[in-house]
Structures are given as C-alpha cells and as structure tokens.
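The exercises below are meant to be worked through with the sequence and the structure open side by side. Please try each task before reading the solution that follows.

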Amino acid sequence: MAAAAIQLKTALPSLPDGWSAEKDFKPMGSLSQPTSRAIEPVGPHFLAHARRKRHKRTFSEDERIQAEKSAKKTEDEDVGEISEPEDPMMLQREAKDWKSQDHYAVLGLSKKRWRATEEDIKKAHRKKVLKHHPDKKAAHGQEENDQFFKCIQRATDILQDPVKRRQFDSVDENADKEPPSKKDVQKKPGNLYKLYGPVFEAEGRFSKKQPVPQFGGADASREHVEAFYNFWYNFDSWRTFEYLDEDVPDDNENRDQKRHQERKNQNARKKRKAEDNQRLRKLLDDTMALDERIKKFRQEGNKEKNKKREEKEAAEKAAKEEAQRKKEEDERLAKEKEVADKASREEGKKAKEAAKNAAKKNKRTIRNAAKDGNYFAEGEPSPKDIDQALQDTDALILKLDADELAAVTSKLQGKSGADVKAVFQAETKRLVEAGKAKDGELKTFS
Amino acid sequence: MNAEDGDQASRTAIGISFGNSYSSIAYTVDEKAEVIANEEGDRQIPSILSYVSGEEFQGTQAKAQIIRNPRNTIAYFRDFLGKSFKEIDPTPCHASAHPVEIDGGKSVGFTVQETEEGEKSTLSVSEVTTRHLRRLRQSASDYLGKDVVATVITIPSDFSDSQKSALTAAAKAAGLDVLQFIPEPISSLLAHDAKQQLSESSSGAPKDKTVVVADLGGTRSDISVVASRGGIYSTLATVHDYELGGSSLDQVLIEYAAKEFMKKNKNATDPKSNARSLAKLTIEAENVKKALSIGQTAAFSIESLSDGIDFSLTVNRTRFELLANKVVASFGRLIQSAVQKAGLDVLDIDTVLLAGGSSHIPKLSSSMQSIFPESTAVVAPAASASAVNPSELVSRGAAIQASLISEFEHSDIEGSTEAVVTVTPHLQKALGLASGKDGEQFSLIINADTPVPVRRTAQVSVADGGDVLLRIAEGEREIKVTKEEKPQTNGAKGEDDSDDDSDDEPEEVREKVWKAGKVLAEAGIKGVKKGGKVEIQINVNTDLSVTVVAREVGGKGGVRGELEATKA
C-alpha cells in the first residue's frame, strides 16, 4: 500500500532561535481519545488491514511479506521444470523409428509421464526446441543433423493430441509398475500397502472415472476397502492398443492385402485388450488374496456372527431354565392346594353334620314349643287344633333354613303359652314379608 | 458448510444484489465486474415470481402478470424474510399476492395457485426466496458456463441477524453458499472506487474521502455516510426511509395521469378505483419515469385503461420534475439528516454517490448538487458521464468482493469479519502540520475518523531553504459563515422550497476552515536546500502511539521520534 505522498501547500516556519531538542525531536503530547467504530469488512484494502491485524504485522512488515510472496510465485514456475539429463543414445535416434521412442523421455518429462499437463508439455517442447533447433547446431558449426529435432516434433505432435497421447499412454511401458512378488510382500507386514499402492496408482491412469480410489493403508476402513475392490472389479478402462498396430500398406495397389492387415490389427487389438483385462483381474485376485485387511474384516465378521449365535444360544438356554423352574413351581403349588382342599373338605363335612344335628335339635325344640304353647289354642286344644298346629309348625320349619331355625330356637328359649305363639306369629310375618310364605298359608300363626 | 471447504480453488462465486423490487447478478472478469443478463436479456431482474397454470415465471414475465393474475404473483418479499408477521409492512404487496401469517405468526407466507389444478398452496417467504435465488443462480450458471456455488449477497445496512440467517438458509437451499453479506451502500462504494481505480490506472490506496452513499431503491431509501480512508470504509451514520423510493415518484405520475384521464373522460370510472386499471397505470408510470430519465418527453399509452377506454398522454421532463418536486425535496432532507446524524456538515462531504434505480433521475442529482457545495462531487449518470450505472453499482461491488474472497475458507472469512478485527479505534481529531506565525494554520495530513493503524506521508516544499520547524498538531474543523448570520441553513434549501420568499437576502458564504489544536510534537530539519522539499511520515500505531519520521527529500538521515500511546 504505497500511498502517494500528500502535497501540502504551506510555508514552513523557520526554526526559532534557540530551538533545540534531543535528536531534533520534541514530543509534546499524545493523541486525543479515539472513537471506536467498526470498519466495513469489504474491499481489497480491508483484506490488507485484516491480514495485518490478524498476523500482528506493521505496514512495512506486511509490505515486505506480500512482496516476498508474489516474488516466490514466479520463482516456483522455474523450479517446476527440472531439465533431465539427455541420454546420448537417445540423441542418436533416427526420426523414422518414432514408434519405438519414449516420447516423454525425448521431451525430458520421463518422471511426470501421464501426469504431465498440457502446459508442461508445451513448456518442455519449447525448452527442447531452443536447445536442439537445427539452425542453432548449424550456427555452432556442427554438421546439420535434424534427426533428434524431428524426434522432438514427433513427440510433441503425439503428446499434444489427446487421442494420440492416450494411445501412447496405453502402451507406455515405462509408466507401468510391475506388481511386487509375493516374497517381497510377505517380508514385512506393512510392505503390502507400500508396494501395491503405486501399482494401483499407475493402473488408475486408465480409468474413465476419476478420481480413482487409492489402495489405502493397514488401518483403512471397511467401506474404503470395499469401495476400492468394487471399483477395481468394475474397472472401466480407456486403454487401447492402436499404437501397436502394424503399418497398413497405403499404396492403392493391393486392396486385399490392406484389408487383411486391417483385420489383423483389429484382432490383435481385441486380443490385447482381453489380455489386459485378464491381467488386471489376476492382479486384483492376487492382491485380494494377500490383503490382510480382507482377512481382518472376515474375521471380524465371523466374530460378530459367532457373538450373535452365542447370544442366541444363551438366551435359549435361559428360557429353557426358566420354563423348567416354572413347571416345578406349578407342581409344588398344585400339591399344596390339594392338601389344603382335602383338609377343608373334611372340616366342611364335620361342620355340615354338626349343623344338621343342630337343625334337627332346633326343629325338635320348635315342635316341642308348639306343644308347650298348648298348640296355640285357647283352653283345651281340640285334636283338630292340634293337628292343624302341628301341620303348620312343620310347614314353618320347612320354610326355615338352619340359621333361622337357630334364631327361632333362641327366641323360644324359656317361653311358654301365648309368648310362644307371639314368636311364631312374628316369624310367620317376617316370612310373609320376605315373600317366602303366603299370607294365610300358616293359619295358626296369622 | 465445512463440506465444501475442500474445493475452494475451483468454485465460482458471483455477486448478487437481492432487492425488494429488482435483483441483479454480477461476475468479475479480469478484475472488472460485469452485470450478467438473464435469459430475457434483463440486467435488472424484477424480484417477482408468478404462477400461471402450473408454471413458474420470474422477472419481467412475472411482473407483467401483476395486471392479469395479481393474486398468484409474489412481489416485494425481500423485506419479509426472517421477520414475524407482526413486524412486516405489507403495503408494497397491495397490488400482488398478499402476505399471510404462517407458523403461528412467526413468519410470513403467500398463498398462491401453484399447480394447474388442486388446492392453493402457501409458500413461506424463505421458499419464495430460495426459488428466486435458484433462478438467479441458474441464469448466472448458464451465462458463465460454470456451475455457480458461492455468492456474496448485499443486504441493507439494517438487516438483523435473524434476517441474515434466514437468507443464508434460503440461499443454501438454492445451492448457493453465502460467503459474506455486505451492506448495499458499502458495496456501491466499493464498485465506484474500483471503477475509478481502473480509469485512473493508479495503484495504491484511493484518496481519503467522506462519502454519502444514497441508495434510492424502489420502495425504500437507505442513506449511509461513510468515511473512506485509504480504501478502508467506516460507516459513520445511516438513515432509512421505508416509504420513500422510486414508487413514490411513480405515485406522483399515477395521480397526474389519473387526473388527466378523468378530465378527458368525464363519465368514466376512476382508474385508481379498479385494481386492474391501477396495476396497468403503475407499470406504465414506472416505464414513463424511466424514459424521462433518458429523454425529454415520454408517453403513457395504455389500452383499455378504464371502461374500455384507451389512454395516451405525453409527459415532458419539466412537468415530471414539477410534479416530483416534493418527493425530490424529501430525498434531499433525508440525505441531509444523515449528514447531520454523522455529526458532519455538508462541507465535509467529498462525494455523494447515488445508487439504486431512482438515481437515474436527473432532477435528483441536480438537487444533490444544490444541497452540497461545489467542492462535493455528485456521482450519478446525469451529473458525470463516467459514473457507473447506479442500478448496477450494488451487484458489481458484491461481485468484486466475491472475487476477492472466493478463494478463502469460511473460517478465514468469519475470522476476518469478527468484531475483534473490524472494531478499531478511529482518530477523533485530524492530524497535520501547524504552520503560520502562531501556528494557527493547519494543513491536513490524516483526517478525523481514520482507523488506526494508519500511515501517511506528506511533502512540503521549502522555498527559501534553511532550517525549518515542523509542528505536528491535531486540527479542528470549523465552519466559517461570513456576511449573513443565519446558521445551519444553506442556499440550496431556498431553491428547493420555491415558496420561500427570502430569496433576495444576501447569500451567505460558508467555508470549512481548519484550525490547529493541541500540538503533539515539534521537529527541526536543518539545512534544507533552496527550493527543496521536506517529507514527513506520520505512523499511528494500533496502541495509538505515534511515530514521526521527517527528512529532506533526497537528503540523508532525518529526524525520527515517537509519541507515547494515549492512556485510556
């Protein structure tokens, strides 16, 4: 933020006589109290302010750091292009052998290969052209040999055309990573992940779907591993083998020959593609067999299953025991009940008998009471009266149950003559009211 | 929100100005903000949604439906967002779908016939906003050919937190990640400054200035007084008028046209009494108003306005300006009240920036010019040819901000907008050099209301050379009134109120005068060459301590001194 200097139009006073201060500066006061306001978090200058405030930088510090930052950016670009040493054998190549040449190596991109961006290729091409242009060689007094320059042009042609580049990438053996041997993998527990990771990374370049899931480490989650194998078993590859086609004769003389060659190429491509698919499948099968994680997950799965089964069995056992216990309890209770029933039945029998006896006795008392009450007649009772009285008494007794009999008997205790009749009459009245006897049924007591 | 944070670099962020009446979208290409036109070619897209036989219309097409299908057309809903039914003012919606209470009064909705058949459905304001924003996002994505996922949205400076969070949620539902909300006036100012920077092609911070940003919208006006110091903006005061806006001017034209219509057709029904006629008149009035900002005359032309009678009427600009006088005057008063609220004088204002659709009106900018002194620059299309289209200012500012922060992570943006960072001590008094015999004259270096830390450099030419004294002092601004002693009214007012009979009084002259106050420090520079220059750099630190460096330009060494921090 190099703010331009403000131009002031004012006449400065000259130093008064005798003015002096330490280092020519005389502090005389400090600022007035500030007002606190919120500034609006908007605009490029606010960003600079926020940066200074958050990192606690002063103006000049911030300027320096920002300047360094922007300077570094340009530097990075240069660092990005590491020029590779050129193999002298490669420089001797003939342009006509372009099919067998490693285009990436020609451009000095043998480390980046399929990862190289178009920008990389463009830059690399420019660098190589600057160095190997035939005119330059001629200027140096060397013999004019533009073979390698042609190689460079050919490599650039192929790599800058997306279709041709894919065809070359498909058969770029230098980018392939051989799967590690079983022995290597089993040397150390972590080796599997270290060795197979790059293999799949290299294979992943053929995928139509990007990004490609990575192999991951020993502690990868189950979902990750499953997604990984799912992806790779359904691998959708763009790999093609046109690059390995044999040249089709393009003279128009022999058409049959040409067609024959074309057919042969087609078949070769198909065959190679099938082989490649098979190779990948085998690689996957091998990997999966070696993959400790799969085993681990399987064990975990089994453990889970076992655990479930055990739990189920335990539950069943508990239920069985519970049932057994319940059965025993029921039996015990039944037995106890039986005993109790028997006892109560016998007791009941006794009580019934006693009650029967009591009732008999009571009935007798009542009947005797009729007799004691002079058969409820005035003066001497006539046999008819007696007969009637006895009949009615019996009828009354029949209508009374054991408890009532006992009550009547207790009422008759120590009574004779007219009192007896009063008791009988009261009882009859009660019966009539209770609806057990009809009015006038028992004439003697009505 | 953290889910998207991983994909910072490739996200496309646009600026959205979401207004009550119009919305617009903008994008930055090569540091230049461009307003994007939607499929219909509109850069100002009416914030209106309409449902016609199961189809959703937005923008201009929806606006046309206000005449035929008013109850299924939702307009002016922005200010209802995040508010309860009690808090809203439903007046602007009179001609369209009426707001209804939903969620037990906690929020507002609209009941419209959304599908061709079946029952009417009630859409919450959030849902309406989401649909509107989704349309805007679609338009932007189609235009740019890239999926737009993030945005900076402008809001009025008085938007509450609940309104903000409601808007964030609505935008989220529309697939837009709100990077930041910025106040409309600040956004306008940012866009204006960016444009000036480009045209002047000067690097570094813009000049210090105090700006009145008047956002004159369709239904409301918001005025902010902003101190712009080295490109950092501090709002000094804001005023809002929720009734005054472009529609007030439309109203004036509607009244006039209706009167003329009734004059011509004595027996016809008053077009204002019929909703459909009124809607036709309203839309035509808006068009006429816009046309009058460009041309000298414009015509109303409405088929079957009332009772099947066609209506046409030519209005010239002078007529409109006469009719609109009262409304224009109230705009002026509103702006003056904002300046007053900031504790400033019109003389303190360096720039008046008019934003919002109503700013196109020439009369408004000329009235501003008469209120403010000549030293104040009025930025409006009618006053300066280089002014940015005021309708586009707001969204452009948002687009610039979006391009600045689109690469930052959410936590960074939040961290930078926290009060810890934004609340800053501002200088209470101006700083400068005191000169003159008794040190009374004052030359300004750092203006008042400048946030600290701040660094400013000034140069003074020394004609005679020799030893000079630099006296750093605080300054105070005074308004000097000469000739007529009539404080606090200025000449501009007389022009507005034509019925003022005191026009022949001698006009007073008001001046802004700086006076030196407390002297902070003195520094002596010895042996300055004849015709040389002295440079002085004042650095106010965060703790309010001051570092002063003074030297002769091109000279060696120099004087360096510090002042202690102010004690709280």
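**Exercise 1: a sheet and its helices**

B:Val52 stands opposite B:Glu55 in S6(B), where helices (H or I, at least four residues) and strands (E, at least two) are DSSP runs, numbered from the N terminus. This is a predicted model, in which local features need pLDDT of at least 70 and side-chain atom pairs count only at pLDDT 80 or more, whereas totals for chains, interfaces and linings use all residues. Residues are numbered from 1 along each chain as its sequence is written, chains are lettered from A and ligands numbered from 1 in the order in which they are written, and side-chain values use heavy atoms, with hydrogens and water left out.

Task: work out the strand order of the sheet that contains S5, S6 and S7 of chain B, and find which strands stand at its edges.

Solution. Begin with strand S5 (residues 48–52) of chain B, which is joined to S6(B) by four bridges, the two running antiparallel; two strands pair if DSSP finds at least two bridges between them. The three strands then form an open sheet in the order S6-S5-S7, with antiparallel pairing. Strand S6 (55–58) and strand S7 (73–75) of chain B each have a single partner strand and therefore stand at the edges, one side of each being left without a neighbour in the sheet. From one strand to the next the twist averages 15°.

Helix H1 (residues 60–68) of chain B packs on this sheet and touches S5, S6 and S7 of chain B, its direction making about 65° with that of S5(B). Here contact means heavy atoms within 4.5 Å, while axes are lines fitted to C-alpha atoms, for helices over the stretch in contact, and angles run from 0 to 180 degrees between N-to-C directions. Helix H2 (residues 125–144) of chain B lies across S5, S6 and S7 of chain B as well, running at about 70° to S6(B).

**Exercise 2: burial and length of helices**

Task: list the buried residues of H1(B), and check the span of H4(B) against its expected value.

Solution. In H1(B), the buried residues (under 20% relative accessible area; exposed is over 50%, partly exposed in between; 1.4 Å probe, protein chains only) are B:Ala62, B:Lys63, B:Gln65, B:Ile66 and B:Ile67. Their cover includes strand S2 (22–29), strand S4 (45–46), S5, S6, S7 and helix H6 (275–294) of chain B.

For helix H4 (residues 184–200) of chain B, the 17 residues should span 24 Å at 1.5 Å a residue, and the end C-alpha atoms are 24 Å apart, which agrees; the expected span is 1.5 Å times one less than the number of residues. Among the buried residues of H4(B) are B:Glu184, B:Leu189 and B:His192.

**Exercise 3: unusual backbone geometry**

Task: which residues join through a cis peptide bond, and where does B:Asp449 lie?

Solution. Most residues other than glycine have a negative phi, and most peptide bonds are trans. B:Val452 and B:Pro453 are joined by a cis peptide bond, with omega about 0°, and B:Pro453 lies in the loop between strand S22 (441–446) and strand S23 (454–462) of chain B. B:Asp449 is placed in the loop between S22 and S23 of chain B; its phi is positive, about 65°, although it is not a glycine, and B:Asp449 counts as buried because its relative accessibility is 12%. Finally, B:Ser53, in the loop between S5 and S6 of chain B, has a positive phi near 40°.
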